[in-house]
Amino acid sequence: MNLFTESNLSPDILKAIGELGYESPTEIQKQTIPFILSDIRDLIALAQTGTGKTAAFSLPILDMIDDTSRKIQLLVLCPTRELCLQISKDIKNYSKYMKDIKTTAVYGGSSIMDQIRSLKDKPQIIVGTPGRVIDLINRKALDFSAIHWLVLDEADEMLSMGFKDELETILSETPDTKQTFLFSATMNKEVERISKNYLTNPHRISVGSINEVKKNIKHEYYVVGYRQKKEALKRLIDANPNQYSILFCRTRMETQEVADFLMQNGYAADALHGDLSQAQRDTVMKKFRLKNIDILVATDVAARGLDVNSLTHVIHYSLPDDPEVFVHRSGRTGRAGKDGVSMALIKPEESRKLKQIKSATKIEIVEKTIPTGNDIIKAQVGGVFEKLFTEHEEDIFEFDDSLIPDLSAFTKEELVHKLLQFQLKDLALYYKDKHDLVEQKLSSRDDDYSRRDRGRDRDRDRGRDRDRDSRSRDGRDRGGKPRRKDENMVRFFFNLGKKDQLKKLDVLDIINKATAGKSKKRAEIGDIEILEKFSFFEVEKSFQENVMSNIPSMKFRGKEMRAEVAN
Ligand code: AMP
């Protein structure tokens, strides 16, 4: 089957996918569609996101589903709400011309009562996250007695997110006669165990596996010390203008830290991680899809299910432990026939980790040096022209040529030069007196990572907050050195922190309110440091009393506030 029109799929389905622009099936579709249409065995498919999995299982099922029955026939389980919405949207698109087929998505973080109401429509297809499906089973809102097909999508991810018990319960609640299709990007012990216990004599297929790394992605790495990482990141972003990228971090805290850094430096960036509420995550994703932000800083888990095809770059701010995650992250770019670039920031001690990734994935990752100020300005000039000649914006304002003054005193080149100088002034000023970053080399001692860095990464991931909190309390900076004191400023301990959703802007607002007096003079505000459970801020000494007396009478998100002079 080289074209969908050569398949046996019904005209209603062919019409719908034709409108979506699908002409020929992807590799996984070539293998699964004929199998599902003709075989009654279970199936294990090793396939990564972006391979066309959803159509691979849903098109043949839609072809066979009984539209005269109003019982649930297909249940798709997937790890996240985003993926759940994506899959149900895809299935609704594929069944656009099947007027009696209904699909409902059920997932956590949204009103269960609304979902119970939508189940009254009697959908034949349910797409759900395991936790919410169990809740609905317990409320007797789902009847699985007529299930014919059960799809476990991203099974490895569901297991690693701790849905093992839920999956087992659902698998045992559904009829033995069903056909089960398990899709997974990786085949680990847990996935094998689930397959062994709940699938019967499964047929196995594998596409887009780790060895099939996309050829149209250029992989680069940059060696940079921990202290210079953020400055190096800024340079990489500046040296790649007009980018639309995802930047991967290892932990939620690192994600927020990096996003805050970028936002404070004027980039259109935002964070996506599990500490945000569902509504906040939805807003960030919407902004990213609409390109209101062009750098999304995310954890691996949070970025799952975000289906964006036009990423120009993927940045590994921190390397993942698992080489497959590296492939998975990088594969977010270079989609839909476009080229992509994957850039990894690597600490000198991470040579072993890099070697592991290179040998497990067979990817050629090329070492590059952090761009100099000069490189950046050159790239930016190129970026201006690229934008000028590739973007066809509508006329957004009436422009009368008579408004242009007489420019005959300048040559064409002089004018272009002046306009570029004007456009890139801030950036050029920033890099004018900046030294290039000191070149770093990978450490020759291979075991460095395992001993020192791993311990440090673990500390940073798990207990860093505690560590930092206690260090900060005694007035020391991250390196343990005593903090430099500014005699005009007072440092306050503040009882709210990240866990209360406190952001720097909130602290600024609180201080401004607490210090606003009759006189127009505004308090000078110094360093603000927001930690997990509490924070510190510096305010001009003459406003110490205002802070002490006004903050206790104010509230932040309903919480009492307290500020004390830090010792
Ligand atoms: P998935 O792996 O299901 O998330 O699909 C990845 C992307 O490929 C989605 O945007 C699909 O709409 C698209 N897609 C799936 N199958 C095809 C196809 N045969 N031709 C073109 N695009 C497809």
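**Exercise 1. In which sense do β9 and β11 pair, and over how many bridges?**

Before solving it, a word on the model. It is predicted, so local features need pLDDT of at least 70 and side-chain atom pairs pLDDT 80 or more, while totals for chains, interfaces and linings use all residues. Residues are numbered from 1 along each chain as its sequence is written, and side-chain values use heavy atoms, leaving out hydrogens and water.

Solution.
- Step 1: fix the terms. Helices (H or I, at least four residues) and strands (E, at least two) are DSSP runs, numbered from the N terminus. Two strands pair if DSSP finds at least two bridges between them.
- Step 2: apply them. β9 and β11 are joined by five bridges, in the parallel sense.
- Step 3: pick out a pair. F248 stands opposite A298 in β11.

**Exercise 2. Place this pair in its sheet, and find the strands at the edges.**

Solution.
- Step 1: write down the order. The open sheet has seven strands, β10-β11-β9-β12-β13-β8-β14, with parallel pairing.
- Step 2: look for strands with a single partner. These are β10 and β14 (365-368), so each has one side without a neighbour in the sheet.
- Step 3: add the twist. On average, neighbouring strands are turned by 25° against each other, direction ignored; axes are lines fitted to C-alpha atoms (for helices over the stretch in contact), and angles between N-to-C directions run from 0 to 180 degrees.
- Step 4: add a helix. α15 (residues 351-361) lies across β8 (217-223), β13 (340-346) and β14, at about 145° to β14.

**Exercise 3. Check the span of helix α12, then sort its residues into buried and exposed.**

Solution.
- Step 1: the expected span is 1.5 Å times one less than the number of residues. With 12 residues (278-289), α12 reaches 16 Å from first to last C-alpha, close to the 16 Å expected.
- Step 2: buried means under 20% relative accessible area, exposed over 50%, and partly exposed in between (1.4 Å probe, protein chains only). In α12, Q278, R281, V284, M285 and F288 are buried.
- Step 3: view α12 down its axis. Its buried residues fall within an arc of 125° (taken from the directions from the axis to the C-beta atoms), so they line one face of the helix. The face turned away carries the exposed A279 and K286.
- Step 4: find the cover. With contact meaning heavy atoms within 4.5 Å, it includes α4 (81-94), β9 (245-249), β10 (269-272) and β11 (295-299).
- Step 5: step past the end. Just after α12, K291 has a positive phi of about 65°.

**Exercise 4. Describe the antiparallel sheet and the contact made by E529.**

Solution.
- Step 1: four strands form an open sheet in the order β16-β17-β15-β20, with antiparallel pairing. β15 (residues 489-494) and β17 (residues 535-540) share six bridges, and F493 has F536 in β17 as its bridge partner.
- Step 2: helix α20 (residues 504-515) packs on the sheet, touching β15, β16 and β17, at about 135° to β16.
- Step 3: E529 lies in β16 (residues 525-530). Its relative accessibility is 13%, so E529 counts as buried.
- Step 4: the side chains of E529 and R491 make a polar contact of 3.3 Å. Such a contact is a pair of N or O atoms within 3.5 Å; within protein, one must be able to donate a hydrogen and the other to accept it, and residues adjacent in sequence count only if both atoms are side-chain atoms.
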